[in-house]
Amino acid sequence: MSDVSITIRRNGPLVVQGPFQFIDSNGQTITVDKPVIALCRCGGSTNKPFCDGTHSKIGFQGAEAAVLAAEAAKAQSSS
Ligand code: FES
């Protein structure tokens, strides 16, 4: 089992913790001097790929919450 964990925060970022290598799209290693990082999942961060807290300001809903809300709205409109 890996020592790295990736935790999906409810309606928030992906939190990566453990001994990891961070590599950009050009294959270059990005030096990160923190043992824990939060990666943006909402697309709204001004500091991508890192989370800057914008998700809470824009009301980001993770996929599960968004699907539940859409299904509830659909059920309500058909009743
Ligand atoms: S997940 Fe936090 S700013 Fe996008």
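Two strands count as paired here if DSSP finds at least two bridges between them. Keep that in mind for the exercises below, and remember that this is a predicted model.

**Exercise 1.** Work out in which order the strands of the open sheet lie, and which strands are at its edges.

*Solution.*
- Start with E1 (residues 5-8) and E2 (residues 14-17): four bridges join them, and they run antiparallel.
- That clears the cut-off of at least two bridges, so E1 and E2 pair.
- To fix the register, look at Thr7, which sits opposite Val15 in E2.
- Now go to the other partner of E2: E2 and E5 are also joined by four bridges, again antiparallel.
- Here Leu14 stands opposite Leu39 in E5.
- Put the pairs together and you get an open sheet of three strands, ordered E1-E2-E5, with antiparallel pairing.
- E1 and E5 (36-39) are the edge strands, since each pairs on one side only.
- As for twist, neighbouring strands of this sheet are turned by 20 degrees against each other on average, ignoring direction.

**Exercise 2.** Describe the connection between E1 and E2, and find the residue in the turn with a positive phi.

*Solution.*
- The two strands make a hairpin, with five residues between them.
- Check the backbone angles in the turn: Asn11 has a positive phi of about 50 degrees.

**Exercise 3.** Decide whether Ile58 is buried or exposed, and list what Ile58 touches beyond its sequence neighbourhood.

*Solution.*
- Locate Ile58 first: the residue is in the loop between helix H1 (54-57) and helix H2 (63-77).
- Count C-beta neighbours inside 10 Å, and you get 10.
- The cut-off for exposed is 12 or fewer, so Ile58 is exposed.
- Leave out residues up to four places away in sequence, and Ile58 touches Cys42 and Gly44.
- For Cys42, the C-alpha to C-alpha distance to Ile58 is 8.9 Å, with the two residues 16 apart in sequence.

**Exercise 4.** Compare the protein's radius of gyration with that of a compact globule, then give its overall layout.

*Solution.*
- For 79 residues, a compact globule would have a radius of gyration near 12 Å, whereas the protein comes out at 16 Å.
- Along the principal axes, the C-alpha atoms fill a box of roughly 55 × 35 × 20 Å.
- Burial next: 6% of the 79 residues are buried.
- Of the contacts with a separation of 6 or more, 25% are between residues 24 or more positions apart.
- Finally, count the elements: two helices and five strands, following the pattern β-β-β-β-β-α-α along the sequence.

Note on methods: Residues are numbered from 1 along each chain as its sequence is written. This is a predicted model: local features need pLDDT of at least 70, side-chain atom pairs count only at pLDDT 80 or more; totals for chains, interfaces and linings use all residues. The radius of gyration is taken over C-alpha atoms; the globule rule is 2.2 Å times the number of residues to the power 0.38. A residue is buried if 20 or more other C-beta atoms lie within 10 Å of its own, exposed if 12 or fewer, and partly exposed in between; C-beta atoms are placed from the backbone. Two residues are in contact if their C-beta atoms, placed from the backbone, lie within 7 Å. Axes are lines fitted to C-alpha atoms, for helices over the stretch in contact, and angles run from 0 to 180 degrees between N-to-C directions.
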